[in-house]
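Got your viewer open? Let's take a walk through this protein, one selection at a time.

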Amino acid sequence: MKKITQAFVFAAGRGERMRPITDSVPKPLVKIKNKAILDYALEKLDQVSSIKKIVVNSFYLAEQIEAHLKKIDNPKIIFSHENEKLETGGGLVFARDKIDFNKPLLTVNGDVIWQENSYRDWE
């Protein structure tokens, strides 16, 4: 099995269901426990040693996401700024120069938080 060496984080959406919060802040930058939702995903992806590239796309309030990523200063992270709303598949196609489609690609929504539990926690 090939190792996953690249990830794509979808962070371009408007966040309509979280309005009015998302009127001025993109949903991936909404803070939960004083941390942007996007950061939870980026930290998890950065912990996967085989992942060498993390592409983050954005359209809505993209300047805020770009500034946030610059502050993180992680050379693995590549920003893909979309100039128009492209929807999910369109975001991947737009970033085709940043992704090797001949290799496995992990895709993650930039507006979710997941928690890992060991199997012992389920007993």
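**Stop 1: Lys-53.** Select Lys-53 to begin; you'll find it in strand β4. Keep in mind as you look around that this is a predicted model. Is Lys-53 buried, exposed or partly exposed? Its relative accessibility is 23%, and buried would need a value under 20%, so Lys-53 counts as partly exposed.

Now show what Lys-53 touches. Leaving out residues up to four places away in sequence, its contacts are Thr-5, Gln-6, Ala-7, Lys-76, Ile-78, Lys-98, Ile-99 and Asp-100. For a contrast, draw a distance from Lys-53 to Ala-36: the two are 17 residues apart in sequence, and their C-alpha atoms are 20 Å apart in space.

**Stop 2: the rest of β4.** Widen your selection to residues 53-58, which is β4. This strand is mostly covered, with five of its six residues buried.

Which strands does β4 pair with? One is β5 (77-81): β4 and β5 run parallel and are joined by five bridges. To see a matched pair, pick Val-55, which stands opposite Ile-78 in β5. Another partner is β1, paired with β4 in the parallel sense over four bridges. Here, look for Gln-6 opposite Lys-53, and for Ala-7, whose bridge partner in β4 is Ile-54.

**Stop 3: β1.** Follow that pairing across and select residues 6-10, which make up β1. How many of the five residues in β1 are buried? The count is five of five. Try turning the strand to see both faces. Gln-6, Phe-8 and Phe-10 sit on one side, Ala-7 and Val-9 sit on the other, and all of them are buried.

β1 has another neighbour to show: strand β6, residues 105-109. These two strands also pair in the parallel sense, over five bridges. Select Phe-8 and Thr-107 together, since they are bridge partners.

**Stop 4: helix α1.** Next, select residues 37-46, helix α1. Why call this helix largely enclosed by the rest of the structure? Because seven of its 10 residues are buried. To color them, pick Ile-37, Leu-38, Asp-39, Tyr-40, Ala-41, Leu-42 and Leu-45.

**Stop 5: three backbone oddities.** Time to look at the loops. Here's a bit of background: most residues other than glycine have a negative phi, and most peptide bonds are trans.

- Select Arg-19 and Pro-20. The peptide bond from Arg-19 to Pro-20 is cis, with omega near 15 degrees. You'll find Pro-20 in the loop between β1 and β2 (31-32).
- Select Leu-61. Its phi is positive, near 50 degrees, although Leu-61 is not a glycine. Leu-61 lies in the loop between β4 and α2 (62-72). With a relative accessible area of 22%, Leu-61 is partly exposed.
- Select Asp-73. Here phi is near 55 degrees, again a positive value in a residue other than glycine. Asp-73 sits in the loop between α2 and β5. At 65% relative accessibility, Asp-73 counts as exposed.

**Stop 6: zoom out.** Finally, show the whole protein. How many helices and strands are there? You should be able to pick out three helices and six strands. Going along the sequence, they follow the pattern β-β-β-α-β-α-β-α-β. The protein is as compact as a globular protein of its length, because its radius of gyration is 15 Å, close to the 14 Å that the globule rule gives for 123 residues. Rotate the C-alpha trace and you can see how it spans about 40 × 40 × 25 Å along its principal axes.

Of the 123 residues, 37% are buried. Now think about contacts between residues with a separation of 6 or more: 68% of those contacts link residues 24 or more positions apart.

To finish, turn on the surface. The protein exposes about 8,000 Å², and carbon and sulfur atoms supply 51% of it. Color by charge and you'll find 20 positive and 17 negative side chains. The centres of those two sets lie 3 Å apart.

Notes
Residues are numbered from 1 along each chain as its sequence is written. This is a predicted model: local features need pLDDT of at least 70, side-chain atom pairs count only at pLDDT 80 or more; totals for chains, interfaces and linings use all residues. Side-chain values use heavy atoms; hydrogens and water are left out. Buried means under 20% relative accessible area, exposed over 50%, partly exposed in between (1.4 Å probe, protein chains only). Two strands pair if DSSP finds at least two bridges between them. The radius of gyration is taken over C-alpha atoms; the globule rule is 2.2 Å times the number of residues to the power 0.38. Contact means heavy atoms within 4.5 Å. Accessible areas come from the Shrake-Rupley method with a 1.4 Å probe; for residues, only the protein chains shown count as cover. Lys and Arg count as positive and Asp and Glu as negative; His and the chain ends are not counted. The place of a charge is taken as NZ of Lys, CZ of Arg, CG of Asp or CD of Glu.
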